[in-house]
Amino acid sequence: MRKKLVYGLCFLSMVLMLSLPAFSVAAEGTIKLGVTEPLSGTFKDIGERYLDGVLYAAQVINESGGLLGKKVEVVPIDSELKPDVATRKAQSLILKDGVKFFCGGTGSSVGAAMAQLAEKQNAIMYTYGMDAASMTGEKCNKNFFRPGGSTDGRSFALAQLVVKMGYKKIAIIGQDYSFGHEALSAFKKRIAQISPSTKIVCELYHPAGTKDFAPYVSQIIAAKPDAIFTPNWGNDLTLLLKQGRPMGMKQKIFDYYINDEVTIQGLGNDSLIIGSMGAEIWTISMPTKKNEVFVAKFYKEKKRWPSYCAGKAYTATMFWAEAVKKAGSTDIAAVIKAWEGLSFDGPAGVWTMRAGDHQGQVPYWYTEIVAKNKYFKHAFETPRGMATAKSVEVPLAETGCKMK
Amino acid sequence: MKQKIMPLITIIALFLLGIFMPVILKQYHLNMLTEIIIFALFAVSYNLLLGYAGLLSFGHAMFFGLSAFVTAIAIIHIPGLSLWNVILIGVGAAVIVGFIIGGLLLRHKGSYFALLTLAFNALFYAIATKWHSVTGGDDGLSITRPGLDLGFTSIPLDSLTNFYYLTLVIMGAAIVFCWYFTHTAMGKTVLLMRENEERMKFLGFNTNISRLILFTFTGALAGLAGVFYTLHFQFVSISAISPDMTTAVLLMVFVGGTKKFWGPLLGVFVYIILQNYLSNITDRWPLVIGVIFVLMVLYVPGGLSDVIMNVWQRFFEKKDNNGGKSATAEEV
C-alpha cells in the first residue's frame, strides 16, 4: 500500500511540476533587457551588484516616462559564469519572448559567446564589466558594444599614473589567463612608450585562484621594486595583500579593482590596503555634478551606497537607453547605427562610442584608499584626479578589430 | 505477431508525430525539442552501458564532449567542410578514443571501471581547459552551422525547422538502431554477460572483446550526439566535456529508469523540461533535481518508466496481475 502511495505521489508531483510553466505570464509592450550575470555560485555577489545597477537604471528610465513610451523590463539571467548556459538561456528568451537587448558584466568568456549569439540572432549585447581588450579587438562584431573599460584603457591609465608619480622600478603580477596577460602586456607597452627609463624589475603570473602567494611575494621582494602593479581581483587580490604585507611587501599597490567595498571588508584589516591606488570608469567619489546627484538619490532610496559594479552598470545602461532614444525604435540595425559615434554626458564624464570597434572612449578616475571616508566605517576611496579618454586611447588600427 | 508489429507501429507513429511538430510548436519549444532529441541519443547510449551491460561509467561525457570539440575545431579550421564530413570526423574521433580507452579498461568492472572512466574524463576535461589555443579554454568555440549537401540539392540549415528535421531523422535513426542492437545476438550477449559472465566464458564467448565492442559502440553514439550538440547550439565550451555532463546524463537515465529501452527517453524529456522551467523560477534548480534524484533512488529505483508501467497495469491490465508482483521487473 505504501509503495502505491509513493508511486501516486511521484506521479502527481511530476504532473504538477510540468504544468507549472503554464502559469507564467509575460508582460506585453515593454522593452526587455536580459542581464547575464552569475546569480549563483562563487561570483554571485559580483553578479548581484551589477544587476543592482541595471535594475536601478531601468527604474530611473521608467520613472521618467520610459523609453520610446514603453517600460524597460529587466530579465535577470543566471549565467552561472558559463558561456554555454548564458547563451542557451538567452537563445530561449530570444525565441520565446522576443528579447533583443542583452548586457552583462562578469566573465569575458560569457561576453564573447553572447556577442556571437547576438550576431547570429540579430540582437545587441553590451558590457560594462567584461574587460578583456580582445572583445573589441580581434573578436569584435557589429552587434557587440562596450560602454565601459578595457584592459588596455585601465593599464594605460595606471601606467601613466605610476610614471607621473615618479616610480622607476615596477613589479607586475597577474593571473595566468588571457585577462592577466592582456592587462600586463598593455601596462608594459605603455610604460615603454612614455618612460623608457622606468624598468619592470619583476613579471609574474600565477594561476587564478592561487592559495599560496608566498613564492610570488618572495620574488617580488627580492626584486626590490618601488611599486607594484596588478590586475588581480577578488580572492587573488585579498590573498596577495594578506600574505604579502606581513612578509614585508610594503610597496604601494596599483590595482584595477581597488575600490571594492566587499574586498576591503573581506581583508578584515584596513592597514593592508590603505595607500593602494586604482583606476575605474566609475567610482563613487567622482567629483562631477551628475554623479553626486545619482549617488545621493541612490542612497536616499536604498539606504546604502551604490557599489562600483552598480555604478558602471547604471551608467552603461543609461548610455544604451540614449542610443535607443536616438534610434527612435528598437530595430537592431537602427540602434547599432544610432549608437555608433554617440556621445553621452553621464555621471562619469563624457563617454563616446567609437564606431570602428564599438569600444567606449571613456575617462578613467583615479582613487586612493584612505582610512577616513564619508561612505564606510572601514577604509575606502578618495578621488585622485583622472586620465582623460584621449590620453588612454588606443588607435583603432592597433586594436586588431575588423568590423564586418 | 503483436509483439513484432507493435514496436514498428510505435516508431512510425513517433516519426510522424515528429514531422508535424514544427507546425504545432512555437520556435522556442521546437528549440527545446531539438535539444531533447539530441540528449535522447546520448542517454540511450549511456543506458546501453548502465542498464544493459551493468557498467556504471562516470566518463561518458568524454565521448560527447570530444566529438563536440572536434566538430567545432574541424568547422573552424577546415573551410568548406561539408556537413557529412563534419559528422564523420566527429564520430570517428569518438570511435578511435573509445577503442583505445576501451582496450585499457575492458578487464575492469564495478567501481574500478567507474573510477577509471572518471579519471579519463577528468584527463580530457583538463586538456580542454588548458589547451587554450585550440579549444578556446574557458571561452569556448563559436561556429556557424554548415549547410546540408544532398548531392543534387543543398539545404541551408540556418533555420531551426530545417535543422530540427535533420536532427529528427539522424538521431531518430540512431536511436532505432540502438533498439535493434538490443535484439541482435550481440545485444543479447551483453545482457547475458551482465547476468553471469563466468558462464558466458565457459560457453566460449570472449567477454572482453564483447565489452570492448559495446564500449566503442556506445562511445560512437555519444559522439554523434556530441556532434549535433555543437551544431545545435553553434557553440561548445568545456561544460560539454566536464564530469557535470556525465552526471547530467546519469540523472536523465536514472529519472527515466534503466530497465526499459524507452526509460532514458522519458528521463531526458522530464529532465530538460524541468531544467528549463526550474531555472526560470529559481537559481537553485540543481538542488530540486538533486532532491528528485535522491527520492527516486530511495523509493522508485526503477525510475519513471517503472511508475508508468505500474499505473498502466493497475488501470488497464487488471487481469494480468500476477499476484501483486511487479511485472515490469526485468523485461529488457
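Helices and strands here are DSSP runs, with at least four residues for a helix and at least two for a strand, numbered from the N terminus. On that count, chain A has 13 helices and 15 strands. Please keep in mind throughout that this is a predicted model.

I'll take the overall dimensions of chain A next. Its radius of gyration is 22 Å, and the globule rule gives 22 Å for 404 residues, so chain A is as compact as a globular protein of that length. Along the principal axes, the C-alpha atoms of chain A fill a box of roughly 75 × 60 × 45 Å. Of the 404 residues in chain A, 51% are buried. If we take the contacts in chain A between residues at least 6 apart in sequence, 70% of them join residues at least 24 apart.

Now the sheet. Chain A has an open sheet of 5 strands, paired in parallel, and the order is β2-β1-β3-β4-β5. Which strands stand at the edges? They are β2, residues 71-78, and β5, residues 144-145, both of chain A. Each has a single partner strand, so one side of each is left without a neighbour in the sheet. Helix α2 of chain A, residues 44-63, packs on this sheet and touches β1, β2 and β3 of chain A. The direction of α2 makes about 170° with that of β2(A).

Let me go through the pairings, starting from β1. Strand β1 of chain A, residues 30-37, runs parallel to strand β3 of chain A, residues 101-104, and 4 bridges join them. Within that pairing, A:Val35 has A:Cys103 in β3(A) as its bridge partner.

Moving on, β3(A) and β4(A) are also parallel and joined by 4 bridges. Here A:Cys103 stands opposite A:Tyr126 in β4(A). How does the chain get from β3(A) to β4(A)? It crosses through α4(A), and this β-α-β crossover is right-handed.

Strand β4 of chain A covers residues 124-127. A:Ile124 and A:Tyr126 point one way from the strand, A:Met125 and A:Thr127 point the other way, and all are buried. For burial, the cut-off is 20 or more other C-beta atoms within 10 Å of the residue's own.

The last pairing is β4(A) with β5(A), parallel again, with 2 bridges. A:Tyr126 stands opposite A:Phe145 in β5(A). To recap the residues along this part of the sheet: A:Val35 is partnered with A:Cys103, A:Cys103 is opposite A:Tyr126, and A:Tyr126 is opposite A:Phe145.

Chain B, briefly. There are 14 helices and 4 strands in it. The radius of gyration of chain B is 20 Å, which agrees with the value near 20 Å for a compact globule of 332 residues. The box filled by the C-alpha atoms of chain B is roughly 65 × 50 × 45 Å along the principal axes. Buried residues account for 45% of the 332. Among contacts in chain B between residues at least 6 apart in sequence, 75% join residues at least 24 apart.

Finally, the contact between the chains. How many residues does each chain bring to the contact? Chain A brings 26 residues and chain B brings 25 residues. On the side of chain A that touches chain B, α1 (2-19), α3 (83-97) and α4 (108-121) of chain A each supply at least two residues. The most come from α3(A), with 8 residues. By type, that side of chain A divides into 14 nonpolar, 6 polar and 6 charged residues. Note that α4(A) thus appears twice in this talk: in the crossover from β3(A) to β4(A), and on the side of chain A that touches chain B.

Technical notes:
Residues are numbered from 1 along each chain as its sequence is written. Chains are lettered from A and ligands numbered from 1 in the order in which they are written. This is a predicted model: local features need pLDDT of at least 70, side-chain atom pairs count only at pLDDT 80 or more; totals for chains, interfaces and linings use all residues. Two residues are in contact if their C-beta atoms, placed from the backbone, lie within 7 Å. Ala, Val, Leu, Ile, Met, Phe, Trp, Tyr, Cys and Pro count as nonpolar, Asp, Glu, Lys and Arg as charged, and the others, Gly among them, as polar. Two strands pair if DSSP finds at least two bridges between them. Axes are lines fitted to C-alpha atoms, for helices over the stretch in contact, and angles run from 0 to 180 degrees between N-to-C directions. The radius of gyration is taken over C-alpha atoms; the globule rule is 2.2 Å times the number of residues to the power 0.38. A residue is buried if 20 or more other C-beta atoms lie within 10 Å of its own, exposed if 12 or fewer, and partly exposed in between; C-beta atoms are placed from the backbone. A crossover is right-handed if, with the strands pointing away from the viewer, the path from the first strand over the helix to the second runs clockwise.
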